[in-house]
Amino acid sequence: IDNVNDKILVVAGGIGIAPLLFLIKELIRKHKEVITFMGASCKDNILCHSEINKLGSEVIIATEDGSQGKKAKITEVLAGFLSANKDLSDIAIFASGPKNMLRIITELSNKYNIPAEVSLDEIIACGVGACLGCAVMTKQGYKLVCKDGPVFKAGDIVWE
C-alpha cells in the first residue's frame with residue numbers, strides 16, 4: 001500500500017465492497033486520496049456507503065434501477081470519470097464484484113494505461129489448491145484463486 005499511487009479508485013459491485021473495506025481504511029490511513037465507486041441493482045444492495053464516507057472517501061453511487069445515485073452501471077460511471085479527467089498519471093484502480101464488471105474495468109485500465117488489481121470471487125472448495133475448483137486462466141497459465149489470489153493484476157486475467 002505504501003508504494004501505490006496517490007489517487008486510488010476503489011470500485012465495488014454489490015457485495016464486492018466487503019473485501020475492499022479494509023483496503024479503503026488502510027489507504028486513507030496512508031494519506032491516499034480514495035474515491036469509492038459503488039454499484040448495485042438497487043439502493044437496498046448498496047452496502048456500507050455511510051461508513052466509507054465517514055472514513056474520508058468520496059463515494060459515488062450508481063444503481064441500475066436509479067433508486068440511488070446515478071441510473072447506470074458503475075462501469076459506465078467510472079468510464080465517464082476517466083474520460084473527464086485529463087491527468088490520470090497518478091491513479092490506480094482496485095476492484096471487486098461480478099466478473100463482467102471486472103472485465104470492463106480491465107478494458108478501461110488498459111485503455112487509459114492505469115494499473116488495476118481485481119479481487120476474484122470464485123467458489124473455493126478446499127482452500128489449499130488440491131481440488132483445482134477455483135482455477136482461473138491468466139496470461140501465465142492457470143492460477144488458483146485460493147493459493148495465488150484472490151487479488152490479481154487485472155491485465156493478467158484472460159476474461160474470455
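Modeller: Axes are lines fitted to C-alpha atoms, for helices over the stretch in contact, and angles run from 0 to 180 degrees between N-to-C directions. With that in place, we may discuss this predicted model.

Colleague: What is the angle between helix α1 and β2, and which strands does the helix lie across?

Modeller: Helix α1, residues 21-29, runs at about 160° to β2. The helix lies across β1, β2 and β5 (91-96).

Colleague: How do you know that β1 and β2 pair, and in which sense?

Modeller: Two strands pair if at least two bridges are found between them. Strand β1 (residues 7-13) and strand β2 (residues 33-40) share seven bridges, in the parallel sense, so the criterion of at least two is met. One of the bridge partnerships joins A12 to M38 in β2.

Colleague: What makes β4 and β9 the edges of the sheet?

Modeller: The open sheet of seven strands has the order β4-β3-β2-β1-β5-β6-β9, with mixed pairing. β4 (70-71) and β9 each have a single partner strand, so one side of each is left without a neighbour in the sheet.

Colleague: Why is the contact of D6 with K32 called a salt bridge?

Modeller: The term requires a side-chain nitrogen of Lys or Arg within 4 Å of a carboxyl oxygen of Asp or Glu. For D6 and K32 the closest N and O atoms are 3.4 Å apart, so the pair qualifies. D6 lies in the segment before β1 and K32 in the loop between α1 and β2, so the pair ties together parts that are 26 residues apart in sequence.

Colleague: Are D6 and K32 buried or partly exposed?

Modeller: Buried means under 20% relative accessible area, exposed over 50%, and partly exposed in between. K32, at 12%, therefore counts as buried, whereas D6, at 43%, counts as partly exposed.

Colleague: How many salt bridges does the whole structure hold?

Modeller: The search finds five. Among them, K7 and E33 meet at 3.9 Å, N to O, which is within the 4 Å limit. K7 lies in strand β1 and E33 in strand β2, so this pair also ties together parts that are 26 residues apart in sequence. Another is that of E122 with K99, at 2.8 Å. This pair links the loop between β6 (116-119) and β7 (135-138), which holds E122, to helix α4 (residues 99-111), which holds K99, 23 residues apart.

Colleague: Why is E122 called buried?

Modeller: The relative accessible area of E122 is 17%, and the cut-off for buried is under 20%, so E122 is buried.

Technical notes
Residues are numbered from 1 along each chain as its sequence is written. This is a predicted model: local features need pLDDT of at least 70, side-chain atom pairs count only at pLDDT 80 or more; totals for chains, interfaces and linings use all residues. Side-chain values use heavy atoms; hydrogens and water are left out. Helices (H or I, at least four residues) and strands (E, at least two) are DSSP runs, numbered from the N terminus. Contact means heavy atoms within 4.5 Å. Buried means under 20% relative accessible area, exposed over 50%, partly exposed in between (1.4 Å probe, protein chains only).
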